[in-house]
Amino acid sequence: MMGSHSFAPGSSALAVLACVLTVAVICDGGTTSPFVRKIWPSVDMPFDSDVFAAPPGYNAPQQVHITQGDHVGKGVIVSWVTPSEPGSKRVHYWSEKTGKKKHSEDTVVTTYKYYNYTSGYIHHCTIKGLEPDTKYHYIVGSEHVRRQFWFVTPPEVGPDVPYTFGLIGDLGQTHDSNVTLTHYQQNPYNPKSVLFVGDLSYADDHPLHNNLRWDSWGRFIERSVAYQHWIWVAGNHEIDYCPEIGEYTPFKPYLHRYEVPYRESNSTSPLWYSIKRASAYIIVLSSYSAYAIYTPQYTWLQEELPKVNRSETPWLIVLMHTPWYNSYDYHYMEGESMRVVFEPWFVQHKVDVVFAGHVHAYERNERISNVVYNITNGLATPVSDPNAPVYITIGDGGNIEGLAKNMTEPQPEYSAYREASFGHAIFDIKNRTHAYYSWNRNQDGIATEADSLWFRNRYWDPVKE
Ligand SMILES: [Fe+2]
């Protein structure tokens, strides 16, 4: 807990008690989990692993993935890759309620080259006008091989609509990544979609940014993302900027492969955008795009935050890759410049929670802010702030770079719980006032929560959790 309790003036006994309590909380910056973890060596699973197997048949669609296709959840973007030729542009789909067959051809097919790699044919098909809370089946492919999947559309947007999000970050494609994804899929809360906080394939950790690792990653996650929406955030491993081999276009593989509905929120870049989903308003930011005053991202966010109607979407969630508050030795203060620019807005607009990745471990911070510091006043210590978001680092998907184990000691007051384990989390919205959050470390059974918190909504129920 933060050491910012206040006490009414009164007896000296109370004053003494206050001192004792204050000393106690100052000494206790939160919990550093002593959990002893065994981990696999952090190596990517070999290309011939079963999780990377390409579907059989000539030009079979692979790497099938879906994400939200409009601002409110009545659209879906279906994406897939065909290896040999473009093939069919059509997505055939029907709702389980009506069974009425439809097809969409609103498909963009793209390819790209990266050094000596040439991609397959990457399809993005946007389907709109879907019924809420409805199971749809869909088919991609052509006469050679057709593959069928399904998804459930999110419920109609509304203030008390329950909805369960999953949270995964920095996943990569190691054995640990596979455990994380399996645990996520078996989570007993049955999360409906993933908020993915950046760093997808880690292809760039291989020589020449071997883009075959982008393909294998797409096949690896298909078992989840072909059936439920993953909401994308770009991390540093999506930049793929590599002048040494003549690759000068940042985010080239990522932007070709993962389409998002950024225009629907008047964004000018797929790297920052927003969606509504059930009772949540989700804002995606780019830690690796300009965000200082007058830049497009700054201007967009400035106009975006006042649009959030908490009577319609009580839960305001922000996703980014680089954490602003972090007490590990890794990437320490890398988020500081963005924090300085945007944090006053987050407090003003009462953001409920910020999820970030980047640090390959887990950390939940208190509701804190550091908005009074102005260089000359010396007030550089974050303070407890009921209007501030809870900051959570969930960069613990299990990628090739291994765990971040070294922490700042002693644990800072702003850090509530930290543990160097891989895992995933869920954010389970019950209604406009309450959401249950829990984090699961990979080494435990799938139903074992290592950290959890009942969130109280900042707009409707802004009491201390
Ligand atoms: Fe990262």
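These legends describe close-up views of salt bridges in a predicted model.

**View 1. Lys74 and Glu156 form a salt bridge.** The closest N and O atoms of this pair are 2.8 Å apart. Lys74 sits in the loop between β2 (62–68) and β3 (76–82), and Glu156 sits in the loop between β11 (146–152) and β12 (163–168), so the pair ties together parts that are 82 residues apart in sequence. Lys74 counts as partly exposed, because its relative accessibility is 29%. Glu156 has a relative accessibility of 42%, so Glu156 is partly exposed too.

**View 2. A salt bridge joins the side chains of Asp160 and Arg432.** The N to O distance is 2.6 Å. Asp160 belongs to the loop between β11 and β12, while Arg432 belongs to the loop between β23 (423–429) and β24 (434–441); the pair therefore ties together parts that are 272 residues apart in sequence. Asp160 is partly exposed, at 35% relative accessibility. Arg432 is partly exposed, with a relative accessible area of 22%.

**View 3. Glu343 and Arg339 meet in a salt bridge within helix α6.** Their side chains come to 2.5 Å, N to O. Helix α6 covers residues 336–348. The two residues are 4 residues apart, about one turn of the helix. Are they buried or exposed? Both Glu343 and Arg339 are buried.

**View 4. Three residues share a network of salt bridges.** The network links Glu336, Arg339 and Glu343. How many salt bridges does the structure hold? The structure holds 20 salt bridges.

Note on methods. Residues are numbered from 1 along each chain as its sequence is written. This is a predicted model: local features need pLDDT of at least 70, side-chain atom pairs count only at pLDDT 80 or more; totals for chains, interfaces and linings use all residues. Side-chain values use heavy atoms; hydrogens and water are left out. A salt bridge is a side-chain nitrogen of Lys or Arg within 4 Å of a carboxyl oxygen of Asp or Glu. Buried means under 20% relative accessible area, exposed over 50%, partly exposed in between (1.4 Å probe, protein chains only).
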